[in-house]
Amino acid sequence: MKKYLLTLFLFIPLIAVCQDNQLNIPLKDGKVVYSGVIQSDSISKNELYTSAKVWFANTFKNVNNVIKFDDKDAGKIIGNGSFPTRYTFFLETIYLYIDFSIMISVKDSKYKYEIYDITITGPGGLPENAES
C-alpha cells in the first residue's frame, strides 16, 4: 500500500505540470501541431518538390498508401503515416502506434512542413488524441 501511495505522490507534480502545458508542446486550436518554414537559398520549387517526394519514398515502406494528395503545380504533398514505439513505465513496457498526417508545401527557396492529426493507439487498440 505504501508503494502505491508513494508512486501517486511522485506523479502528482508531473500531472499538474502537464495540465498547464509547461512542457512547451506546440498547440494550434487545442491540438498538437508541429510546423516550420525552412529557407533553402537558390533551390527551385521543382528541386524542393522532388526532394520531398524522395523523402516520402525513403521514410515510408509503401509510399503509394501514404500519400493522399499530390499536386506538383501547387507544390503540395499530404500524407498519413504511422510508426510503432514503446514506452517503459517502471518495469512494464507498453507498445504503441503513433499515427499522424503530414503536409509539405514548397515554393522557390523555401518549404513548409506541418505534422498534425496526431493520435496514439495503445494496447487496447483504441486511439487517443495526442492532446488528451
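Buried means under 20% relative accessible area, exposed means over 50%, and partly exposed is what falls in between (1.4 Å probe, protein chains only). By that yardstick Phe100, at 12% relative accessibility, counts as buried. Everything here comes from a predicted model, in which local features need pLDDT of at least 70 and side-chain atom pairs count only at pLDDT 80 or more, while totals for chains, interfaces and linings use all residues. Residues are numbered from 1 along each chain as its sequence is written, and side-chain values use heavy atoms, with hydrogens and water left out. Helices (H or I, at least four residues) and strands (E, at least two) are DSSP runs, numbered from the N terminus.

**Aromatic rings**

- Rings of Phe, Tyr and Trp (its six-membered ring) pair if their centres lie within 6.5 Å; planes under 30 degrees apart count as stacked, over 60 as edge-to-face and the rest as tilted.
- The count by this rule comes to 5 aromatic pairs.
- In one of them, the ring centres of Phe60 and Phe100 are 6.3 Å apart with the planes at 40°, so this pair is tilted.
- Phe60 sits in the loop between helix 2 (45-59) and helix 3 (63-66), and Phe100 in strand 6 (residues 92-107), so the pair ties together parts that are 40 residues apart in sequence.
- Like its partner, Phe60 is buried; the relative accessible area of Phe60 is 10%.
- Both residues belong to one aromatic cluster, formed by Trp55, Phe56, Phe60, Phe83 and Phe100.

**Salt bridges**

- There are 3 salt bridges in the structure, each being a side-chain nitrogen of Lys or Arg within 4 Å of a carboxyl oxygen of Asp or Glu.
- Lys28 and Glu114 meet through their side chains in one of these, at 4.0 Å from N to O.
- Lys28 belongs to strand 1 (residues 27-28) and Glu114 to strand 7 (residues 110-121), so this bridge ties together parts that are 86 residues apart in sequence.
- Glu114 is buried, at a relative accessible area of 12%, whereas Lys28 counts as partly exposed at 45% relative accessibility.
- Glu114 also bridges to the side chain of Lys112 (3.8 Å, N to O), and Lys112 is partly exposed at 33% relative accessibility.
- Lys28, Lys112 and Glu114 are thus joined in a network of salt bridges.
- Lys53 and Asp70 form a salt bridge too, with their closest N and O atoms 2.5 Å apart.
- Lys53 is in helix 2 and Asp70 in strand 4 (residues 67-71), so the pair ties together parts that are 17 residues apart in sequence.
- Lys53 is partly exposed, with a relative accessible area of 29%, and Asp70 is partly exposed at 34%.

**Nonpolar patch and Thr93**

- Tyr87, Phe89, Phe90 and Leu91 make a nonpolar surface patch of about 510 Å².
- Patch members have over 30% relative accessible area and no salt bridge, with nonpolar side chains (Val, Leu, Ile, Met, Phe, Trp, Tyr) joined within 5 Å and like charges within 9 Å; accessible areas come from the Shrake-Rupley method with a 1.4 Å probe, and for residues only the protein chains shown count as cover.
- Leu91 is found in the loop between strand 5 (76-89) and strand 6, and counts as exposed at 89% relative accessibility.
- Thr93 lies in strand 6 and is partly exposed, with a relative accessible area of 33%.
- Not counting residues up to four places away in sequence, Thr93 touches Arg86, Tyr87 and Thr88, where contact means heavy atoms within 4.5 Å.
- The side chains of Thr93 and Thr88 make a polar contact at 3.4 Å; such a contact is a pair of N or O atoms within 3.5 Å, where within protein one must be able to donate a hydrogen and the other to accept it, and residues adjacent in sequence count only if both atoms are side-chain atoms.
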